[in-house]
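Please walk me through this structure. Begin with the loops, then take the sheet, the disulfides and a pair of helices.

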Amino acid sequence: MPNRLSSSTSPYLQQHADNPVDWWEWGPEAFEEAGRRGVPVLLSVGYAACHWCHVMAHESFEDDEVAEVLRVGFVTVKVDREERPDVDAAYMSALTALTGQGGWPMTCLLTPTGEPFWAGTYLPRDGFLQLLRAASVQWEQDRPRLEHGGAEVVRTLTEAQQRAAAGSAEGLEARLADEAVRSLAADADPQWGGFGGAPKFPPSMVLAFLLRHHARTGEARSLEMVRHTCERMARSGMYDQVGGGFARYAVDRAWVVPHFEKMLYDNALLLGVYTDLARTDPVSRPWAERVVRETVEWLLRELWTEQEAFASSLDADTEGVEGATYTWTRDELVAALGEGDGERAADLLGVTPAGTFEHGRSTLQLTADPDDAPWWAATRQRLDVQRSLRPQPGRDDKVVTAWNGLLVAALAHAGWAFDEEDWVDVAARCARFLLREHVVEGRLRRSSRDGTVGGALAVAEDHGNLADGLLALHRATGDPSWLAAADDLLTAARSLFVRPDGSVAGTGTDADRLVLDPTTTGDNAEPGGLSAIAVALVRLGAQGGPPGCFEAARDALTHVSEQARQAPRFTGWSLVAAEELTAGPTVVRLGPSASPELEATTRRAPVGTLVLHRSTDGPAAPPPSAAVVCHGTVCGLPTEDPAAMP
């Protein structure tokens, strides 16, 4: 019989709807039930594309013996981290504090009032049963000690969060940005690009910051780190050489073997980075523009939904096997292409007899451009057709506000940069869906599925990222309605999330309270709430928003300055906001009848310069055939001279 998850709007929760486990969704009812029965809560957090979440589901949550132990001794709560990032962030802070590392599936044991007294990640079935039985015995024999331990975890983490969120008068100024570049250079991998060792994640927000730092200072080191990392990723097994789009991360330093799930937010952020690299760096343009175009094609083909928005992800697994859709042997290439073309493709793509992945299979890497570009284009198309005949990974078709906001921004920006009006149109259609369906009684919601909006309220990054997407549409189209909609979102965000000291809460003042504050000052795989709000405020102020936007952004950034000094890899989006503030921000307002030469010049404007295409509104609007360049609140005279552009 289906359990309580069968009516959820989350595909991840619906994957567990037929488990024998008596699952509850997150909410007060589950904790009231735990209090009534006097048992702890088993909290399991994951997401639909997560490989080890699937493994634990098959091993444990589909097992009758595990289900019976859980039924007798616990109230079991299942959470989709993508639908409830606040719950995930709150208990992830406990997991990392207790174990020194995080990850999914996240498994926590909680008191009936929500305090965590044990936390871990994936556990095999036997280990999971051992934990559950031991925890049940301890709960029965020494419940006060476990409850005291949970309360101590909450107290300690709350104090640590308060210290971390304390503001610094220094803020994120130019000197701190320069220090961040030096720190990143020391951590950069000179051989394979990226930062640190394995596993290696695409550092999209850091790369966006480095591009802006290079544009402002001319420092070659910043550009070289971006160029080197982007090319290594683009030629690696982490990039889908046949279908386009990036996988979540690589398990090795050289980016050879990915964790095969493909996430909307990664590809949105990377699309923006490769767009800016391609349009401003002639050395990188050939391969960077290829990545942009292939990634857009993949997004439209694989993640576009009937509702005219974008799905969240593709699974790492295909029919329970990780990477089965994407890997090849030399024999399979020969069978698909014929002996001559197959052997040639195998050599080009690094498919070895021994394999670079598992069981003699290889990921595909394009370590150098082929000598015969037309041959490779035809071969790639043939491989794509052959691969489409294989079983395909599952798709999480939940529409997440924050992630769609990131893609609206990236698509609108790329469409402007490469003069692809269709891309801008797709971004606009997606934005209209979000504004029409994800705003319920004046309050933005986190997600929807099949056109049905979920109950979870939007968090800070939903407001910030969507507002930023609307501002990108304003720049690309000149339509003032996008600016007005962004202003409305950020006005609501400042009321819901921004505290009197300028810091940004993760959840709104109208949200359910959690025992742990999910506030984070830094970024993880995507922009955090503080940085998302700060970036959007900077751009709203630059594009003609109300007074006070720059000051509000600076106030927020003071609360991340110490983290930016110590760990710039995890504050990239805040550093983007800081760089744009330090540069002015620089804005070019381009009239609707500007010459092709003037328009082409603005498409090569330094990264971080905000170009308002077809600008007709605002006090600094140029004459129809001219442009006006502004730095902060100071604007120059109208000009039709391309040489006068930044």
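Glu 441 sits in the loop between β14 (439-440) and β15 (443-444). Strands here are DSSP runs of E with at least two residues, helices are runs of H or I with at least four, and both are numbered from the N terminus. Glu 441 is not a glycine, yet its phi is positive, about 50°. Its relative accessibility is 83%, so Glu 441 counts as exposed. Buried means under 20% relative accessible area, exposed means over 50%, and partly exposed lies in between, with a 1.4 Å probe and protein chains only.

A word on the model itself. It is predicted: local features need pLDDT of at least 70, side-chain atom pairs count only at pLDDT 80 or more, and totals for chains, interfaces and linings use all residues. Residues are numbered from 1 along each chain as its sequence is written, and side-chain values use heavy atoms, with hydrogens and water left out.

Now turn to Glu 319. This residue lies in the loop between β10 (317-318) and β11 (321-322). Its phi is near 50°, a positive value in a residue other than glycine. Is Glu 319 buried or exposed? At 69% relative accessibility, Glu 319 counts as exposed.

Two other loops hold cis peptide bonds. One runs from Ala 198 to Pro 199, with omega near -10°. Pro 199 belongs to the loop between α7 (174-187) and α8 (204-217). Another cis bond joins Gly 584 and Pro 585, where omega is about -5°. Pro 585 is placed in the loop between α22 (572-582) and β18 (586-590).

Strand β18 leads into a sheet. Four strands form this open sheet, in the order β19-β18-β20-β21, and the pairing is mixed. Strands of a sheet pair through backbone hydrogen bonds, either parallel or antiparallel. Here two strands count as paired if DSSP finds at least two bridges between them. Which strands form the edges? They are β19 (610-612) and β21 (634-635), each of which pairs on one side only.

Follow β20 through the sheet. β18 and β20 pair in the antiparallel sense over five bridges. Thr 586 has His 631 in β20 as its bridge partner. On to β21: two bridges join β20 (residues 627-631) to this strand, and the two run antiparallel. His 631 appears again here, standing opposite Val 634 in β21. The hairpin of β20 and β21 has two residues between the strands, and Gly 632 takes a positive phi near 65° in it. How covered is β20? Mostly: four of its five residues are buried.

Next come the disulfides. A disulfide is a covalent bond between the sulfur atoms of two cysteines. The cut-off used here is a pair of cysteine sulfur atoms within 2.5 Å. How many disulfides does a search of the whole structure find? The search finds two. With the bonded cysteines numbered in sequence order, the pairing is 1-2, 3-4.

Cys 50 and Cys 53 form one disulfide, with an S to S distance of 2.4 Å. The torsion about their S-S bond is about 80°, so this disulfide is right-handed. Cys 50 is buried, with a relative accessible area of 4%. Cys 53 is buried as well, at 2%.

Cys 630 and Cys 635 form a disulfide too, with their sulfur atoms 2.1 Å apart. The link of Cys 630 and Cys 635 is right-handed, with 105° about the S-S bond. Its ends can be looked at in turn. Cys 630 has 3% relative accessibility, so it counts as buried. Cys 635 has 37%, so it counts as partly exposed.

Last, a helix pair. The axes of α12 (residues 330-337) and α14 (residues 373-388) come within 10 Å and cross at roughly 105°. That makes α12 roughly perpendicular to α14. Axes are lines fitted to C-alpha atoms, for helices over the stretch in contact, and angles run from 0 to 180 degrees between N-to-C directions. Angles of 65 to 115 degrees count as roughly perpendicular. Which residues meet? Leu 333, Ala 336 and Leu 337 in α12 meet Thr 379, Arg 382, Leu 383 and Gln 386 in α14, where contact means heavy atoms within 4.5 Å.

Technical notes: Angles under 35 degrees count as roughly parallel, over 145 as roughly antiparallel, 65 to 115 as roughly perpendicular and the rest as oblique.
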